[in-house]
Amino acid sequence: MRILFLGDVVGISGSSKIKENLLSQLKINKIDFVIVNAENADETGVGLTKEICEDFFKCGVDVITTGNHVWDQKDIMSFIDKENRLLRPKNLFEPAPGKGFEIYTTKNIKIGVLNLMGNVFMKKCDDVFETAKKFMGNYKLKEDYDFLIVDFHGEITSEKNAIGHYFDGKATLVVGTHTHIPTNDARVLNNGTAYQTDAGMCGDYDSVIGMNKINSINKFMKKDSIKHYPAKGEATLSGVIVDCNIETGLANKVYSYIFGGQLSKN
């Protein structure tokens, strides 16, 4: 089985690129299952809506994960309780709408998807390592699901790296999101788990992590600026593809995935 994970979708640019290209890309790359982090997919660059989710599901997305901006568009709070294909970080303070883990079945194969959020330089949430420890005490690879994909939404590379090693041998793929820049470290760890520190974003890279570059520079320089808003040029789709081993539940190979926009000539 081949699974595609796409990093944070940013604004109209990223959303449009997915809606216009994902179905054809799935055929070209022979993808069986798709997970997309869409917490920045709204036209404002923060949050997502029911309409965005439904559009993504129609064009081939199987599961949507999120992060610290999950509640920025308020209508999502009621929708997430009804839609099990939309996840929020499992270690958000309870009670919170929705869930952070679900098992999905496709082609008689069970795929677990776990959404976690880091603790360092992020919004307050439960200890992510304690949450991970409890999770692994309750669920087991090849017992409860055939594959496990972990989206770790975090700010710093060391915390992401540590989570990757913590899940090594217990997950098929651990991939970081949130920082919007794809890292050049896709690899299979010692015990068989595919890993990449950050998947990058699906958005316009002629920007500051997806936001208008001039406005962002003005903010850093404390000049006149307005609230952050997304760049609107051609987007790049960024993520990872993992080839999964059905016998072990682990990874055979993992590849960085880049399509279109400034990062690719494809």
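When I say a residue is buried, I mean that its relative accessible area is under 20%. Keep that cut-off in mind, because exposed will mean over 50%, and partly exposed is what sits in between. One more thing before we start: what you're looking at is a predicted model.

Okay, let's begin with strand 3, residues 33-37. Five of its five residues are buried, so by that cut-off the strand is mostly covered. In a regular strand, side chains alternate between the two faces of the sheet. So which residues of strand 3 sit on each side? On one side you have F33, I35 and N37, and on the other V34 and V36. Every one of those is buried, and both faces of the strand are covered.

Who are the neighbours? Strand 3 pairs with strand 1, residues 2-6, in the parallel sense, and four bridges hold that pairing. If you want a spot to look at, find I3: its bridge partner in strand 3 is F33. Strand 3 also pairs with strand 4, residues 63-65, again in the parallel sense, this time over three bridges. There, I35 stands opposite V63 of strand 4.

Now let's move to another sheet arrangement. Six strands make an open sheet, and the order is 5-6-7-8-10-9, with mixed pairing. Which strands are at the edges? Strand 5 and strand 9, residues 187-188, since each of them pairs on one side only. Further in, strand 7 and strand 8 run parallel and are joined by five bridges. For a landmark there, look for F152, which stands opposite G176 in strand 8.

Next up is helix 5, residues 157-166. Its buried residues are E159, K160, I163 and G164. Viewed down the helix axis, these buried residues fall within an arc of 140°, so they line one face of the helix. Here's the background: an α-helix has 3.6 residues a turn, so residues three or four places apart point the same way. And what covers that buried face of helix 5? The cover includes helix 4 (128-138), strand 7 (147-153), strand 8 (173-177) and strand 10 (194-196).

Hang on to K160, because K160 is in helix 5 and takes us to the salt bridges. Side chains of opposite charge can pair when their charged atoms come close. A search of the whole structure turns up 10 salt bridges, and I'll show you three of them.

The first on my tour is D198 with K160, where the closest N and O atoms are 2.7 Å apart. D198 lies in the loop between strand 10 and strand 11 (201-202), while K160 is in helix 5, so the pair ties together parts 38 residues apart in sequence. Are these two buried or exposed? Both D198 and K160 are buried.

Next, E234 and K17, with the closest N and O atoms 3.0 Å apart. E234 is in the loop between helix 6 and strand 12 (237-244), and K17 is in helix 1 (residues 11-28), so this pair ties together parts that are 217 residues apart in sequence. The two ends of this salt bridge are worth a look: E234 is exposed, with a relative accessible area of 52%, whereas K17 is buried, with 11%.

And then D32 with K107, whose side chains meet in a salt bridge at 2.8 Å, N to O. D32 comes from the loop between helix 1 and strand 3, and K107 from the loop between strand 5 and strand 6, so parts 75 residues apart in sequence are tied together. D32 is partly exposed at 26% relative accessible area, and K107 is exposed at 60%.

K107 has something else going on. Most residues other than glycine have a negative phi. What is the phi of K107? Near 55°, a positive value in a residue other than glycine. K142 also has a positive phi, near 70°. You'll find K142 in the loop between helix 4 and strand 7, and at 33% relative accessibility K142 counts as partly exposed.

Last stop, the surface. I214, I217, F220 and M221 make a nonpolar surface patch of about 450 Å². I214 has its place in helix 6, residues 213-220. And at 51% relative accessibility, I214 counts as exposed.

That's the tour, thanks for listening!

Definitions and conventions. Residues numbered from 1 in each chain as written. Predicted model: local features only at pLDDT ≥ 70, side-chain atom pairs only at ≥ 80, totals over all residues. Heavy atoms only, no water. Patch = residues over 30% accessible without salt bridge, like charges linked within 9 Å, V, L, I, M, F, W, Y side chains within 5 Å. Areas by Shrake-Rupley, 256 points an atom, 1.4 Å probe, with all protein chains shown as cover. Salt bridge = Lys/Arg side-chain N within 4 Å of Asp/Glu carboxyl O. Helix = DSSP H or I, 4+ residues; strand = E, 2+ residues; numbered from the N terminus. Buried < 20%, exposed > 50% of the residue type's maximum accessible area, 1.4 Å probe, protein only. Arc of directions from axis to C-beta. Contact = heavy atoms within 4.5 Å. Pairing = 2+ DSSP bridges.
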